[in-house]
Amino acid sequence: MAIKRHRSGYKFTDKTQSKRGILAFVLAAISIAVFVLVIVASFQSRGNGTMYLGSAGVSSMLISVVAFVLAIMSLGEENSYKLFPYLATVLSFLTLGIWVALYIVGFMIG
């Protein structure tokens, strides 16, 4: 293991941040933001949302699926820190679970 000189001192590892993990984290955060916006807009329209509101919800759920897959793939990367992959996995799993539960309840009621 080679010791590399870092900007602020010595760096004793070759690990880097996982690019897939960061991307998955950003996508999960976008999915959460769209989820909140869709829920607020749905309440404001008293449940009579437009087709655009529904398509935003479906798109957000698909973004959550992509984030979850990227997060799982980034967990297997070697020589990378695991903070972002773990955060992305948890956030995307929760978001995906909320979206799936929301659609299941919507199909059962409607």
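**Exercise 1. The largest pocket**

Which residues lie nearest the centre of the largest pocket, and how many residues line the pocket? Characterise the lining by element and by residue class in this predicted model.

*Solution.*
Step 1. The lining of the largest pocket comprises 15 residues. Nearest the centre are Val38, Ser42, Leu53, Gly54 and Leu102.
Step 2. The volume of this pocket is about 330 Å³.
Step 3. At least two lining residues come from each of helix 1, helix 2 (51-75) and helix 3 (83-109). Helix 3 makes the greatest contribution, namely five residues.
Step 4. Sorted by class, the lining consists of eight nonpolar and seven polar residues, with no charged residues.

**Exercise 2. Confidence along the chain**

State which elements have the lowest and the highest mean pLDDT.

*Solution.*
Step 1. For the chain, the mean pLDDT is 82. A value of 70 or more is reached by 85% of the residues.
Step 2. Among the elements, the lowest mean, 57, belongs to strand 1 (residues 4-6). The highest, 88, belongs to helix 1 (residues 19-44).

**Exercise 3. The pair Phe25 and Phe84**

Classify the geometry of the ring pair Phe25 and Phe84, and determine whether each residue is buried, partly exposed or exposed.

*Solution.*
Step 1. The structure contains four aromatic pairs.
Step 2. The ring centres of Phe25 and Phe84 are 5.6 Å apart, with an angle of 65 degrees between the planes. Planes over 60 degrees apart count as edge-to-face, so the pair of Phe25 and Phe84 is edge-to-face.
Step 3. Phe25 belongs to helix 1 and Phe84 to helix 3; the pair thus links distant parts of the chain, 59 residues apart.
Step 4. Partly exposed residues fall between the limits of 20% and 50% relative accessible area. Phe25, at 24% relative accessibility, is therefore partly exposed. Phe84, at 22%, likewise counts as partly exposed.

**Exercise 4. The pair Phe68 and Phe93, and a ring cluster**

Classify the pair Phe68 and Phe93, and identify which residues ring pairs link into a cluster.

*Solution.*
Step 1. Phe68 and Phe93 have a centre-to-centre distance of 5.9 Å and 40 degrees between their planes, and the pair is tilted.
Step 2. Because Phe68 lies in helix 2 and Phe93 in helix 3, the pair ties together parts that are 25 residues apart in sequence.
Step 3. Phe68 has 23% relative accessibility and counts as partly exposed, whereas Phe93 is exposed, with a relative accessible area of 52%.
Step 4. The cluster joined by ring pairs consists of Phe35, Trp99 and Tyr103.

Key. Residues numbered from 1 in each chain as written. Predicted model: local features only at pLDDT ≥ 70, side-chain atom pairs only at ≥ 80, totals over all residues. Heavy atoms only, no water. pLDDT = per-residue confidence, 0-100. Helix = DSSP H or I, 4+ residues; strand = E, 2+ residues; numbered from the N terminus. 1 Å grid on protein atoms, 1.4 Å probe; cavity = no way out; pocket = protein on both sides within 12 Å on 5 of 7 lines; lining within 4 Å. Points joined across faces, edges and corners; volume = space filled by probe spheres on them. Nonpolar A, V, L, I, M, F, W, Y, C, P; charged D, E, K, R; others polar. Phe/Tyr/Trp six-rings, centres within 6.5 Å; stacked < 30°, edge-to-face > 60°. Buried < 20%, exposed > 50% of the residue type's maximum accessible area, 1.4 Å probe, protein only.
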